[in-house]
Amino acid sequence: MAQLDTVTRILDTAEVLFAERGFAETSLRNITSKAKVNLAAVNYHFGSKKALIQSVFSRYLDPFSVRFHSALDELEERYQGSIIPLEVLLETMATTVLSVPAERNSLKVFMRLLGLAYSQAQGHLRRFIQEQYGDVFTRFTELVRQATPELPDAERFWRLHFMLGTVIFTFSGLDALKDIAQKDYQEHVSVRDLVRRLRPVVVAAMNAPLPTPVASERKALEGKEHSNAYTLAD
């Protein structure tokens, strides 16, 4: 029990410090000092800072992966081979993402960690996430592809990236947004309220018309058309 308490204390402290300062700026000594454990305890239970970072993510992503697979199973059974609508997929993902940290009252921390995974992730963390959880994200992306057949793969990638950025920015600044809504608009905002407001925004973003090609892209397309015309003439 004492060892379990030590591991939990280290992880609780590490995730908060990582979310506040970033991975590179948070040293093991920062963590051990705040957690009131010695460096030997971190080395014994985790072995390295890299392994500690991975363990912090596992606490969220392990239950998320299991629940998201289960939620996608239910959707596929409900739609029985038909295309699952985009808004249903996004709602399911949002519900699953929010359910895991809600149990530990740390949604803001989780969202900041996700932001760090994108902006500060070192090679080892990207590989770890891909190896351990890539299957569920690949599965979701494929279902989104089926729901948005008109989008080129590259465009779909960017829109999913923008959507994730919007969600992370919104929920990592949850306290500030609640405060602004209360003071400026006399609105008491819950997490469910934010999800309800976000849903039409991200769905509209995913379904937006394709962007007009920039001049260099148009030139390349025109050159390709001329090349094809010459080929046909020959």
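The aromatic side chains of this predicted model form 9 ring pairs, counting rings whose centres lie within 6.5 Å. One of these joins Phe18 and Phe23: the ring centres are 5.4 Å apart and the planes meet at 70 degrees, so this pair is edge-to-face. The cut-off for that class is an angle over 60 degrees. A pair of aromatic rings is described by the distance of the centres and the angle of the planes.

Phe23 also pairs with Phe57. Here the centres are 6.1 Å apart and the planes are at 55 degrees, so the pair is tilted. Phe23 sits in the loop between α1 (2-21) and α2 (28-35), whereas Phe57 belongs to helix α4 (residues 49-79), so the pair ties together parts that are 34 residues apart in sequence. The two residues Phe23 and Phe57 are both buried. Phe23 has a relative accessible area of 2%, and Phe18, also buried, has a relative accessible area of 0%. Elsewhere, Phe64, Phe68, Phe137 and Phe140 are linked by ring pairs into a cluster.

**Overall fold**

The chain contains 11 helices and 0 strands. Its pattern along the sequence is therefore α-α-α-α-α-α-α-α-α-α-α, with strands counted as DSSP runs of E. The chain has 234 residues, and 38% of them count as buried. Contacts between residues at least 6 apart in sequence join residues at least 24 apart in 72% of cases. The exposed area of the chain is about 14100 Å², of which carbon and sulfur atoms supply 56%.

**Contacts between distant parts of the chain**

Leu143 is placed in helix α7 (residues 123-147). With a relative accessibility of 8%, Leu143 counts as buried, because the limit for that class is under 20%. Beyond its neighbours within four places in sequence, Leu143 is in contact with Leu72, Glu76, Ile84 and Leu89. The C-alpha atoms of Leu143 and Leu72 are 9.2 Å apart in space, while the residues are 71 apart in sequence.

Arg159 is part of helix α8. Is Arg159 buried or exposed? Its relative accessible area is 8%, so Arg159 is buried. A polar atom of the Arg159 side chain lies 2.6 Å from the backbone oxygen of Ala208. Apart from neighbours within four places in sequence, Arg159 is in contact with Leu151, Ala205, Met206, Asn207, Ala208, Pro209, Leu210 and Pro211.

Helix α8 (residues 153-172) also holds Phe157. Together with Trp158 and Phe162, Phe157 forms a nonpolar patch on the surface, and the three residues have about 350 Å² of accessible area together.

**Loop residues**

Ser48 lies in the loop between α3 and α4. At a relative accessibility of 30%, Ser48 counts as partly exposed, because this value falls between the 20% and 50% limits. A polar atom of the Ser48 side chain is 3.2 Å from the backbone nitrogen of Ala51. Ser48 and Leu28 are 20 residues apart along the chain, and their C-alpha atoms are separated by 9.0 Å.

Two further loop residues stand out by their phi angles. Most residues other than glycine have a negative phi, and most peptide bonds are trans. Lys36, which is not a glycine, has a positive phi of about 60 degrees. Lys36 is in the loop between α2 and α3 (39-45). Gln80 likewise has a positive phi, near 45 degrees, in a residue other than glycine. The place of Gln80 is the loop between α4 and α5 (86-102). Lys36 is exposed, with a relative accessible area of 69%, and Gln80 also counts as exposed, at 68%.

The table collects relative accessible areas.

| Residue | Relative accessible area | Class |
|---|---|---|
| Phe18 | 0% | buried |
| Phe23 | 2% | buried |
| Leu143 | 8% | buried |
| Arg159 | 8% | buried |
| Ser48 | 30% | partly exposed |
| Gln80 | 68% | exposed |
| Lys36 | 69% | exposed |

Notes
Residues numbered from 1 in each chain as written. Predicted model: local features only at pLDDT ≥ 70, side-chain atom pairs only at ≥ 80, totals over all residues. Heavy atoms only, no water. Patch = residues over 30% accessible without salt bridge, like charges linked within 9 Å, V, L, I, M, F, W, Y side chains within 5 Å. Areas by Shrake-Rupley, 256 points an atom, 1.4 Å probe, with all protein chains shown as cover. Salt bridge = Lys/Arg side-chain N within 4 Å of Asp/Glu carboxyl O. Helix = DSSP H or I, 4+ residues; strand = E, 2+ residues; numbered from the N terminus. Buried < 20%, exposed > 50% of the residue type's maximum accessible area, 1.4 Å probe, protein only. Contact = heavy atoms within 4.5 Å. Phe/Tyr/Trp six-rings, centres within 6.5 Å; stacked < 30°, edge-to-face > 60°. Polar contact = N/O pair within 3.5 Å; in protein donor to acceptor, adjacent residues only side chain to side chain.
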